[in-house]
Amino acid sequence: MVEKIESVVIGGGQAGLSLSYYLSRAGREHIVLEKASQVANAWRNRRWDSFTLITPNWSFRLPGAEYTDSEPEGFMPKKEIIRRFEQFELQNQLPVRYSTRVERLNPSKAKSISHLTEDKVYESKNVIFATGCSRRQESSLCHANTARTPSNPL
Ligand SMILES: Cc1cc2nc3c(=O)[nH]c(=O)nc-3n(C[C@H](O)[C@H](O)[C@H](O)COP(=O)(O)OP(=O)(O)OC[C@H]3O[C@@H](n4cnc5c(N)ncnc54)[C@H](O)[C@@H]3O)c2cc1C
């Protein structure tokens, strides 16, 4: 099954969600594909239970949800970080599709890009990587494919 859409954002971490927030405000058609089943995957599943931010609370700046509480110089714990992501998602009703891992990208000459997930193909004019690119698997997806997008034909 093929779904056509103007822009696809891969990854629903803070970068992907922030981008989706601004695309939504600009009225641009898009979806965010996120492999995890819930928001805040990096913080929820890739940090230990006693984790706290190492950057001060004032630097927590999801758009429209910037930290304004009473401890700007504090370091919020994991639970609080996740709660803020959940609240952000709820407030903004962003078009995130969870449990949707992008397996492969197929750049084409027709200025569209196919994104293959387990059971579906998405076709879009624009693709934005917001996968964090810090782990080997994700960065290989990035490097293998961004190098040959229609706008950057190597
Ligand atoms: C131990 C540790 C501590 C940190 N502490 C701090 C801190 O105190 N303060 C701070 O500001 N920063 C901190 N960081 C950095 C911070 O976590 C990152 O800067 C931030 O998570 C980057 O956000 P992002 O949206 O770019 O990527 P991520 O948060 O990594 O989000 C990427 C998303 O893409 C999804 N994804 C990846 N591949 C695919 C795919 N193929 N298909 C679909 N979805 C996919 C992932 O599931 C994930 O949800 C820390 C990092 C680490 C590792």
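**Exercise 1. Is His 30 buried or exposed, and what is its relative accessible area?**

Before the solution, some ground rules. This is a predicted model, where local features need pLDDT of at least 70, side-chain atom pairs count only at pLDDT 80 or more, and totals for chains, interfaces and linings use all residues. Residues are numbered from 1 along each chain as its sequence is written, and side-chain values use heavy atoms, with hydrogens and water left out.

*Solution.*
- Step 1: get the cut-offs. Buried means under 20% relative accessible area, exposed over 50%, and partly exposed is in between (1.4 Å probe, protein chains only).
- Step 2: apply them. His 30 has a relative accessible area of 7%, so the verdict is buried.
- Step 3: place the residue. His 30 sits in strand β2, residues 30–33. Helices (H or I, at least four residues) and strands (E, at least two) are DSSP runs, numbered from the N terminus.
- Step 4: list the neighbours. Leaving out residues up to four places away in sequence, His 30 touches Ile 5, Ser 7, Ser 20, Leu 23, Ser 24 and Pro 95. Contact here means heavy atoms within 4.5 Å.
- Step 5: look for polar partners. The side chains of His 30 and Ser 20 share a polar contact of 2.8 Å, and the His 30 side chain also reaches the backbone oxygen of Arg 28 at 2.9 Å. A polar contact is a pair of N or O atoms within 3.5 Å; within protein, one must be able to donate a hydrogen and the other to accept it, and residues adjacent in sequence count only if both atoms are side-chain atoms.

**Exercise 2. Work out how the protein surrounds the ligand.**

*Solution.*
- Step 1: count the shell. The ligand has 26 residues around it, with Ala 15, Glu 34, Arg 47, Ile 54 and Thr 55 the closest. A residue is near a molecule if one of its heavy atoms lies within 4 Å of it.
- Step 2: sort the shell by residue class. It splits into 12 nonpolar, 9 polar and 5 charged residues. Ala, Val, Leu, Ile, Met, Phe, Trp, Tyr, Cys and Pro count as nonpolar, Asp, Glu, Lys and Arg as charged, and the others, Gly among them, as polar.
- Step 3: check the short distances. Ligand oxygen atoms come up twice: one is 2.9 Å from a polar backbone atom of Ala 15, and one is 2.5 Å from a polar backbone atom of Ile 54. For Thr 55, a polar side-chain atom lies 2.7 Å from a ligand nitrogen.
- Step 4: get the coverage. On its own the ligand has 1,000 Å² of accessible area, and the protein covers 75% of that. Accessible areas come from the Shrake-Rupley method with a 1.4 Å probe; for residues, only the protein chains shown count as cover.
- Step 5: map the shell onto elements. Two or more residues each come from α1 (14–25), α2 (41–45) and α4 (136–146). The largest share, 3 residues, is from α2.

**Exercise 3. Classify two of the aromatic pairs and say how accessible their members are.**

*Solution.*
- Step 1: set the geometry. Rings of Phe, Tyr and Trp (its six-membered ring) pair if their centres lie within 6.5 Å; planes under 30 degrees apart count as stacked, over 60 as edge-to-face and the rest as tilted. The structure holds 5 such pairs.
- Step 2: take Trp 48 and Phe 51. Their ring centres are 5.1 Å apart with planes at 80°, so this is an edge-to-face pair. Trp 48 counts as exposed at 52%, whereas Phe 51 counts as buried at 8% relative accessibility.
- Step 3: take Phe 60 and Phe 85. Centres 6.0 Å apart and planes at 90° make this pair edge-to-face. The pair links distant parts of the chain, 25 residues apart: Phe 60 is in the loop between α2 and α3 (78–92), and Phe 85 is in helix α3. Phe 60 is buried at 9%, and Phe 85 is buried at 2%.
- Step 4: look for a cluster. Tyr 21, Tyr 22 and Phe 88 are joined into one by ring pairs.

**Exercise 4. Describe Tyr 122 and Ser 124 in β6.**

*Solution.*
- Step 1: start with Tyr 122. This strand β6 residue is buried, at 3%.
- Step 2: find its partners. The Tyr 122 side chain makes a 3.3 Å polar contact with the side chain of Arg 97. The C-alpha atoms of Tyr 122 and Lys 4 are 5.9 Å apart, although 118 residues separate them along the chain.
- Step 3: move to Ser 124. It lies in β6 (residues 121–129) and is buried at 2%. A polar atom of the Ser 124 side chain is 2.9 Å from the backbone oxygen of Asn 126.
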